[in-house]
Each structure stands twice: as C-alpha cells, then as structure tokens.
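Grab a coffee and open the viewer. Below are some short exercises, each with a solution worked out step by step.

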Amino acid sequence: MRISRRALATAAVIAIVLPLSACGGDTDAASTDASGKVEGNITFQTWNLQANFKDYFNGLIADFEKQYPGTDVKWVDRPAEGYADKISADAAGGTLPDVVNVSPDLVAPLAKAGLALDLDKAAAKYRKEYLEGAWQSHRIPGMEGNYAFPWYLNTGPLFYNKRLFQEAGLDPAQPPKTYDDVFQAGLTMAEKSKGKIATLANIPTIEDFGRYDVPLMNKEGTGFAFNDAKGVELLTRYKELYDAKALDPQALIATPESSGKKFLTEAVAMNPGSALDLGKFKKDAPSLYKNIGITDQISSTGHVNMYVMGVMVNSRSKQKPAAVAFAHFVTDATRQMEFAKQVAIFPSTAGSLDDPYFTKEDGTDETRVRIAAAKSLKTAVNYTPVLFSDQMKTELRNAVARALQGKESPKEALDNAVKASDRLLQQS
C-alpha cells in the first residue's frame, strides 16, 4: 500500500458477509495454539509495497528463512485498488494467506468470522515489545483479544501559512493550539479577507469527533454515540465556520488530495500533513514553503490521532508456529527501524521512538516534523472505530453536509447518522 499519512487515513474498508462455510473446519484448525517447531511453507501478503520495497522484503524473508531453517516464505503483493475485495474473496474461498498486511478496519470482519488469530492468546509473550496504544488498535469492540501485530504508524502536524495569518492580523508566531483557537482564527481570517480566504478545507470526520473528545461508541461496542452534546457542539461550530466562509466552500466534496492542493495554492490557511509534504512544498510551491508554519495536531484529549497498519495471522493457517514467528519477525524492533529509515513512517515497537533518528535535531524542518511526530506517537490513539465502515463514513459525511447547508440541525443530522450507522452495524 502507499505509505503516506493520507493513504493511511483513507485506507479502504472491507465490509464482508462471510458464508458459514468460511468459518468451517475442525476445532483444532481454529485453535489459538501456535506452539511447536517453526517450519513449513507460508504465504505473506502485502498491500502495494513491492514496487518500491522489493529489495527490503526479499532481504527480510531471506533473513527469516536463515534464522529458521526448514521454512519457506512466499511473498505476494496486491495492488492498492481492490485490496479489500481481494481479501473478501480469499476469506470466502478459503484461500486467505497465512500472514496478511491489514489495517484495523480490514481485520474487524475477519476477526468476527473467526479467521484472524487472537494474538493475546497465541502470542502474548510479544505484547510488551509494542506500544500499548498500537497493540490496542487491532482490538474489536465486543470481542476479547487482539487480532494483528501492530506494524508501522504515522501521524503528522498541522501546517499553516504564516503570510495568510499575518495578513489577517494574526500572530504567525502563535499558531492555534486548541479548537477554540482554530475556530476563532478561522472567523477572524474570513472577516479580514471578506470571505476570500478559508482557514480549513475539510469537514469533520469521525477522527475529528474523536480528537474533540466526543464518545464515538458505547462501552459494549454495540452502537455509536457521536451524537451526544459534545458532538453536536463540534458540528455547530463547524456550521459557524461554514456560514462565515471560514470553511472552504468545496469542503463538502473535498478529498485529502484536493484539500492538499488548496493549501498548496495558498487558498486555505491550514491543513494537516506529514514530513513527506515538506519536500513537495519545497519543490512545487516555493512561495508557500518559505512561509510554512508547523504546529502540533489539535486535540482536546491530549492524544493525537495515530494511523496504524498491522500484520494478521490467519487462524486457519496449517503452519501457525511459522506464521506467528514470521509476523512477529516482520514487526519486531529491528525490522521496523530498518523500514522507518527507508520511508517516512514510524515503528510501533516500544523504545524505538527514543532512537536518535527520532530525537536528534539537525536543523531541518523534515527532522523537526519527524521528531515531533515520534514524540506524540508514544501516547497516540487510533480514533477511527474499527467497526466504522465506508458506508458509515458516507452516512456521517452526508449528515455533516446537511447540517452545514442548514437542511437539518446539527443534533438532527448526527442523530440520523448514528441511527444509520447502528443499522449498518447490526447488519454486518
């Protein structure tokens, strides 16, 4: 898969209804016992990684096979487009690989169908090697257990345009630190520019509700709760921005890519991003680059959002000891550090973020962003519920749009979004 903050944020969601036959098989085949000799042939599936990281993974596999004589790892890589459909087809057809690259939302239906190995039982000895927030990210509400090894993480700062802040009479050396700051800056900038410059280019997503400290689901994981008073407050404030033209008029149909272009062309004043974006600014928008400001991601909880990828073990694997050993090998501290130095991602292993690579300044903005992100990831949270499907995201997006356009009140819109999401949850 494409390794970028935006790609992680918009990773495809799988919403599959597996036939009962997919969960069949004898009890022993689905057991969580992964003890025994590490040997045999296994298949490892990744998500659009072969084009750019072929040598890295071939080397990793060779190292594993050398460490465990008698093992043979077949690597298959699937394109980003249709990845969720491919997993669905393999799950239904009984051809799911032994070890699979997944995101939390991809693993949820597989865990429900009994196809994802519970690592709390099968690999509990490894849990302490990972950041607690990363290990928790592949838990499924309403179920016991953890269903994937955490792999690479990502997060990013908030970029802002110092020139636009200064022209609006705002201090470019004092960027917004809280949601109150963001909303006030937005209203001020819209007023000063007579509605020509918006501060934000995106409507709130489920992640934003989480960072605003809105409860997203009930404790049982059986229903959604983002229509509470706090959620209504957030949407009401976005409505104020929209009415004042402090929210870009195309925000209702914006994608992360289109929002990025708006910021690149200096049509909006703030946009989330990652260290990867700085190189793009420098190359494609030098006037923006010289005025770029970098501040922390806004959060009311004290925890930033974390995007996480994982490595799942097929509970039906005929070579569970080898599959668990390889999944752990891919995601251990040594391999994650090696991978992080090839691309702008972050390891999920405990202690890795204290490495000088993530702590030592060298005077560049890229390193500054990397260090800040690494520090925030130590306590970061994956706010998007693993059970929140693409259809549910669409329901929320449509509800937010209706509220911003004045077709429904914020309370009514969120109530309807929760009802629709709960209905979809019951059908899954």
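**Exercise 1. Which way do the residues of strand E3 (residues 99-102) point, and are they buried or exposed?**

Solution. Start with the directions: Val99 and Asn101 point one way from E3, while Val100 and Val102 point the other way. This fits the usual pattern, since in a regular strand the side chains alternate between the two faces of the sheet. Now for the burial: all of these E3 residues are buried. One thing to keep in mind throughout is that this is a predicted model.

**Exercise 2. Find the strands that pair with E3, and say in which sense each one runs.**

Solution. Step one is strand E1 (residues 40-47), which pairs with E3 in the parallel sense over two bridges. To see this on screen, look for Phe44, which stands opposite Val99 in E3. Gln45 also has a bridge partner in E3, namely Val100.

Step two is strand E8 (residues 307-313), which pairs with E3 in the antiparallel sense over four bridges. Here Val100 turns up again, with Met312 as its bridge partner in E8.

**Exercise 3. Put E3 into its sheet: what is the strand order, and which strands stand at the edges?**

Solution. First, work outwards from E1. E1 and E2 pair in the parallel sense over eight bridges, and Asn41 stands opposite Asp72 in E2. E1 is mostly covered, with six of its eight residues buried.

Next, write down the whole row. The open sheet has six strands in the order E2-E1-E3-E8-E4-E9, and the pairing is mixed. The edge positions go to E2 and strand E9 (346-347); each has a single partner strand, so one side of each is left without a neighbour in the sheet.

Finally, add the helix: H15 (residues 333-340) lies across strand E4 (149-154) and E9, and runs at about 25 degrees to E4.

**Exercise 4. Describe the sheet that strand E5 belongs to: what is its strand order, and how are the strands paired?**

Solution. The order is E6-E5-E7, an open sheet of three strands with antiparallel pairing. At its edges stand strand E6 (270-272) and strand E7 (292-295), each with a single partner strand, so one side of each has no neighbour in the sheet. From one strand to the next, the twist averages 25 degrees.

Now zoom in on one pair. Strand E5 (residues 158-161) and E6 run antiparallel and are joined by three bridges. In one of the pairings to look for, Phe159 has Asn271 of E6 as its bridge partner.

**Exercise 5. How do helices H17 and H18 pack, and what kinds of residue make the contact?**

Solution. Begin with the geometry. The axes of H17 (residues 390-404) and H18 (residues 410-427) come within 9 Å and cross at roughly 165 degrees. Angles over 145 degrees count as roughly antiparallel, so H17 is roughly antiparallel to H18. The crossing of H17 and H18 is right-handed.

Then check who is touching. On the H17 side, the contact includes Gln391, Met392, Glu395 and Leu396; on the H18 side, the residues include Pro410, Ala413, Leu414 and Asn416. Sort the residues of this contact by type and you get 11 nonpolar, three polar and two charged.

**Exercise 6. Lys194 and Glu266 both have a positive phi. Where does each one sit, and is it buried or exposed?**

Solution. Some background first: most residues other than glycine have a negative phi. Lys194 has a phi near 55 degrees, and Glu266 has one near 65 degrees.

Now place them. Lys194 is in the loop between helix H8 (179-192) and helix H9 (206-211), whereas Glu266 is in the loop between helix H11 (256-264) and E6.

Last, the accessibility. Lys194 counts as exposed because its relative accessibility is 73%. Glu266, with a relative accessible area of 14%, is buried.

**Exercise 7. Where is Ala80, and what does it touch?**

Solution. Ala80 is in the loop between strand E2 (71-78) and helix H3 (83-93). Leaving out residues up to four places away in sequence, Ala80 touches Trp47 and Asn48. Its relative accessibility is 23%, so Ala80 counts as partly exposed. For a distance check, go from Ala80 to Asn227: they are 147 residues apart in sequence and 33 Å apart in space, C-alpha to C-alpha.

Note on methods. Residues are numbered from 1 along each chain as its sequence is written. This is a predicted model: local features need pLDDT of at least 70, side-chain atom pairs count only at pLDDT 80 or more; totals for chains, interfaces and linings use all residues. Side-chain values use heavy atoms; hydrogens and water are left out. Axes are lines fitted to C-alpha atoms, for helices over the stretch in contact, and angles run from 0 to 180 degrees between N-to-C directions. Angles under 35 degrees count as roughly parallel, over 145 as roughly antiparallel, 65 to 115 as roughly perpendicular and the rest as oblique. A crossing is left-handed if the near helix is turned anticlockwise from the far one by less than a right angle, and right-handed if clockwise. Contact means heavy atoms within 4.5 Å. Ala, Val, Leu, Ile, Met, Phe, Trp, Tyr, Cys and Pro count as nonpolar, Asp, Glu, Lys and Arg as charged, and the others, Gly among them, as polar. Two strands pair if DSSP finds at least two bridges between them. Buried means under 20% relative accessible area, exposed over 50%, partly exposed in between (1.4 Å probe, protein chains only).
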